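Please work through the exercises below with the structure open beside you. Try each task before reading its solution.

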Amino acid sequence: LLVPGCFSKLWLACSFDGVRCHFRCDSDATIVRAIAGLLCECYSQHTPHEVLAFSPLVSEQLELRAFITPSRRNALARIEQSIALYASTCASTGTLT
């Protein structure tokens, strides 16, 4: 999935094994890849309900927004929205999407 609305190209791969969500990412920009990768690591291996309970607390607790430019903040928000949307779909359907 190419994450829309990001200045850099950002791809998110989501999977659900019936219990836990798994997230991977890639980007053409190193800093975006690092930020998105950190979020993927934080949200992976959790149930959809746990992911939804975290979001967007992870980036707030890590205070990431204080250290990145506005365009990078946009990428951060988009990846969190995409992760939350995927987890919400898995929580409501209980299946792989």
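The exercises that follow concern a predicted model, and each task is followed by a worked solution.

**Exercise 1. Aromatic pairs**

Find how many aromatic pairs the whole structure holds, and classify each by its geometry.

Solution. A pair of aromatic rings is described by the distance of the centres and the angle of the planes. A search of the whole structure gives two such pairs.

Step 1: Phe23 and Tyr86 have ring centres 5.9 Å apart and planes at 80°; because planes over 60 degrees apart count as edge-to-face, this pair is edge-to-face.

Step 2: Phe23 belongs to strand β2 (residues 21-27), whereas Tyr86 belongs to helix α4 (residues 70-93), so the pair ties together parts that lie 63 residues apart in sequence. Both Phe23 and Tyr86 are buried.

Step 3: For Tyr43 and Phe54 the centres are 6.4 Å apart and the planes stand at 40°, so this pair is tilted. Tyr43 is in helix α1 (residues 30-43) and Phe54 in helix α2 (residues 48-54), so parts 11 residues apart in sequence are tied together.

Step 4: Decide whether each ring of the tilted pair is buried or partly exposed. Tyr43 has a relative accessible area of 0% and is therefore buried, while Phe54, with a relative accessible area of 27%, is partly exposed.

**Exercise 2. The nonpolar core**

Describe the largest nonpolar core, and say which element gives the most to it.

Solution. In soluble globular proteins, nonpolar side chains tend to be buried together.

Step 1: The largest nonpolar core has 24 residues, and those with the most contacts inside it are Leu10, Leu12, Cys21, Phe23, Val51, Ile79 and Ile83.

Step 2: At least two residues of this core come from each of β1 (10-16), β2, α1 and α4, and α4 gives the most, with seven residues.

Step 3: Take Cys21 as an example and leave aside its neighbours within four places in sequence; its contacts then include Phe16, Tyr43, Val51, Tyr86 and Ala87.

**Exercise 3. The salt bridge**

Locate the salt bridge, and state how exposed its two partners are.

Solution. Side chains of opposite charge can pair when their charged atoms come close.

Step 1: Searching the whole structure yields one salt bridge, which joins Arg33 and Asp26, with their closest N and O atoms 2.9 Å apart.

Step 2: Arg33 has a relative accessible area of 34% and is therefore partly exposed; Asp26, with a relative accessible area of 37%, is partly exposed as well.

Note on methods. Residues numbered from 1 in each chain as written. Predicted model: local features only at pLDDT ≥ 70, side-chain atom pairs only at ≥ 80, totals over all residues. Heavy atoms only, no water. Phe/Tyr/Trp six-rings, centres within 6.5 Å; stacked < 30°, edge-to-face > 60°. Helix = DSSP H or I, 4+ residues; strand = E, 2+ residues; numbered from the N terminus. Buried < 20%, exposed > 50% of the residue type's maximum accessible area, 1.4 Å probe, protein only. Core = buried A, V, L, I, M, F, W, Y, C linked by side-chain atoms within 4.5 Å. Contact = heavy atoms within 4.5 Å. Salt bridge = Lys/Arg side-chain N within 4 Å of Asp/Glu carboxyl O.
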